[in-house]
Structures are given as C-alpha cells and as structure tokens.
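Visitor: I'd like a close look at one part of this model, the spot where two helices pack against each other. Could you walk me through that contact, and then add whatever there is on disulfides?

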Amino acid sequence: MSLFNPSRDQVRQFFFEAWRKYRALEPLTPLEGMALQVMQAHPEYHAVLDAPERYMEQEYFPEMGETNPFLHMSLHLSVLEQISIDQPPGIAAAYRALLKKHGAEHPAQHALMDCLAETVWRAQRERTAPDGAAYLMCIQNAAQR
C-alpha cells in the first residue's frame, strides 16, 4: 500500500483487516492500534466492518445524506497521526485547546477534521497542493472560537 496515496480499496482493506485482527485477538501494528481506537469510537460502523464482502465496493453519496464510514475514519486517523507528530507545527497545541473547549476527544477531533476536509476539498477544487498555512489557520481559529 502506498503510504501517501492509498487507493480506495487499500484504505478499506486496511480497516477491515485491522478490525478482523482485533476480533481474532491477533497483534496489531501501531497504526492498526490507532485505527482500532477510531473504530471503537464508532459503533455505528461495526456492522460495516464485520461484512467486508458486502461493503468493500459500497458507494456512498453525500448528496443523499450518506456518510462514507471509511472516509470518516480515515480523517480521524489522519488528524490523530498529525497530532502525534505535531505536524503541521501547532496542531498538538490546538488539539489540547479543543479538548479543553469540548471536554472530549471525539468532538475535538471533529473540529480538526472539518479543517482537514475543507483544506483537501479546496486543493482538489483548485487543483493545487493543500495550503498548509490555511489549514493551520483554520485549526487555530477552531481552537479560539
């Protein structure tokens, strides 16, 4: 799996395999362990994770009110990884401020995920690299609101 640009199927397989290993009490890699925390925080996705043969090819349509569980969990995993290495610089401090503000990890992560999703969406729309400065500004604004 390409570390920086995995395919849709590779991302889904990663979550399915980590969930399978967890259920089989097999050892997890550090990244799988981080993903497991995300999966455990989303019991509404457990039925999906239990049925890879049914959901590997499932399409999700946001315009019809559908949430793509794999995209959602990937965004959680991305911000957790960014926080763990404080990249972009300042994200860990902003996360601590959001934790204080929200009183819980999940809503604090969602505030960061909103900024990440907006940054990626803008880059795709404008066909440019993600704007790291705008991302960090969004994060800092979310922590101060």
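Guide: Let's start with the crossing itself: helix α2 goes past helix α5 with a right-handed sense. Bear in mind that this is a predicted model. Helix α2 covers residues 30-40 and helix α5 covers residues 69-85, and their axes come within 9 Å of each other, crossing at roughly 125°. An angle between 115 and 145 degrees is neither roughly perpendicular nor roughly antiparallel, so α2 counts as oblique to α5.

Now for the side chains that meet there. On the α2 side, the contact is made by L31, M34, A35, V38 and M39. Facing them from α5 are M73, H76, L77, L80 and E81. Sort these contact residues by character and you get 8 nonpolar, 1 polar and 1 charged. The polar one is H76 and the charged one is E81.

As for disulfides, the structure has 1. The partners are C115 and C138, with their sulfur atoms 2.2 Å apart. C115 sits in helix α7 (residues 105-126) and C138 in helix α8 (residues 132-144), so the bond ties together parts that are 23 residues apart in sequence. The link between C115 and C138 is left-handed, with -80° about the S-S bond. How buried or exposed are the two cysteines? C115 is buried, at 2% relative accessible area, while C138 is partly exposed, at 22%. The cut-off for buried is under 20%, so C138 falls outside that class.

Technical notes:
Residues are numbered from 1 along each chain as its sequence is written. This is a predicted model: local features need pLDDT of at least 70, side-chain atom pairs count only at pLDDT 80 or more; totals for chains, interfaces and linings use all residues. Side-chain values use heavy atoms; hydrogens and water are left out. A disulfide is a pair of cysteine sulfur atoms within 2.5 Å. Helices (H or I, at least four residues) and strands (E, at least two) are DSSP runs, numbered from the N terminus. Buried means under 20% relative accessible area, exposed over 50%, partly exposed in between (1.4 Å probe, protein chains only). Axes are lines fitted to C-alpha atoms, for helices over the stretch in contact, and angles run from 0 to 180 degrees between N-to-C directions. Angles under 35 degrees count as roughly parallel, over 145 as roughly antiparallel, 65 to 115 as roughly perpendicular and the rest as oblique. A crossing is left-handed if the near helix is turned anticlockwise from the far one by less than a right angle, and right-handed if clockwise. Contact means heavy atoms within 4.5 Å.
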